[in-house]
Amino acid sequence: MGRRRGSTVVDTALGWVLKKPKMVQAALAASVAVSTLVGLHFCLDTDYFFVVSEIAYSIGLLLLVYKLTTHKNCSGLSLRTQEVSAIFLVARVICAAESELEVDLHIILDLVSLLSASWVIYTMRYKLQSTYIKELDNMRVYYLVVPCCVLALLINPGSGLSGFPSLTSVLWAFCTYLESVSVLPQLRLIQNAKMVEPFTAHYVFALGVARFFGFGHWVLMIYETGGKSIVRMARLWYLWLPMNMLAEIVQTFILADFCYYYIIRLILLSCHSYVALTCCRHVMVDHV
């Protein structure tokens, strides 16, 4: 049987995109991302973007819980990324508990993520350790934790203010910095393995969606206030604000490339384009 006409059109369009230089692909992806952000802005209040970001992150971890529970296999998953995630989530929960007088949705979502990450760590270490490929998961946790800790002590929301910064300020900076690089061990494992497990790809994509909405929250807040919000924050946090924005940008770009090829792969899969799908799978690994 011949292929559907719609499938041929999609194959041709995506084939054209994949043959373009990297800079052209990046420009096209950025245009689609901006258009999506503008469209969502008319559907969602800006304040909800951060909530959606946390929900997407929790869903990503719950996908891992489902994988480990049903498949009884943790191959393709990075234990290091889960350990780093648990560390920054503990710091974030402590900060939220210190600053909030009552339990709100943010704390609940952070607790769900922390419990899920902790369960994944326990399962990978003690229940499914025979399927964990330690040799491929070779990025040390302290390579990420120690620099973020030092940076948090130097630059945090309390930097530049009178007196010493509070513990909450340091912890908040620490979890912000650490979250921005937490996925690096997982991407390193994918690169070493030269393949991407389906549930691992779904998990990393969920992190990308979370980052998209988190970064979108900042962009729309700046747009809606005409830049006044940034000016106000810059006066108060002239050292912390640039580092916070840099951490957001770094994390966004770390995940953007993977998510770009993930979406293309899903489109090709829906069109049953197996040849193009195979090519795209290799491209995903090569660009991690």
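Colleague: What share of the contacts with a separation of 6 or more comes from residues 24 or more positions apart?

Modeller: Residues that lie 24 or more positions apart supply 78% of those contacts in the protein. A contact here is a pair with heavy atoms within 4.5 Å. Please note that this is a predicted model, in which local features need pLDDT of at least 70 and side-chain atom pairs count only at pLDDT 80 or more, while totals for chains, interfaces and linings use all residues. Residues are numbered from 1 along each chain as its sequence is written, and side-chain values use heavy atoms, with hydrogens and water left out.

Colleague: How many helices and strands are there?

Modeller: The protein has 12 helices and 0 strands (DSSP runs: H or I of at least four residues for helices, E of at least two for strands, numbered from the N terminus).

Colleague: How much of the protein counts as buried?

Modeller: Of its 288 residues, 45% are buried (under 20% relative accessible area; exposed is over 50% and partly exposed lies in between, with a 1.4 Å probe and protein chains only).

Colleague: Which residues have the most contacts inside the largest nonpolar core?

Modeller: They are Met124, Tyr177, Leu178 and Phe258, in a core of 54 residues. Such a core joins buried Ala, Val, Leu, Ile, Met, Phe, Trp, Tyr and Cys residues through side-chain atoms within 4.5 Å. Among the elements that give two or more residues to this core are α5 (105-127), α7 (167-181) and α11 (240-270).

Colleague: What is tyrosine 177 in contact with, leaving aside neighbours within four places in sequence?

Modeller: Tyrosine 177 touches Cys148, Leu151, Ala152, Ile155, Trp240, Met243 and Ala247.

Colleague: Changing topic, which residues of helix α8 are buried?

Modeller: In α8, which covers residues 184-193, the buried ones are Pro185, Gln186, Leu187, Leu189 and Ile190. Just after α8, lysine 194 has a positive phi of about 60°.

Colleague: And how many disulfides does the count come to?

Modeller: The count is 0 disulfides, taking a disulfide as a pair of cysteine sulfur atoms within 2.5 Å. Cysteine 149, for example, is in none, and the nearest cysteine sulfur, which belongs to cysteine 148, is 8.8 Å away.

Colleague: Why does cysteine 149 count as partly exposed?

Modeller: Cysteine 149 counts as partly exposed because its relative accessibility is 36%.

Colleague: Is cysteine 74 buried or exposed?

Modeller: Cysteine 74 has 0% relative accessibility and therefore counts as buried.
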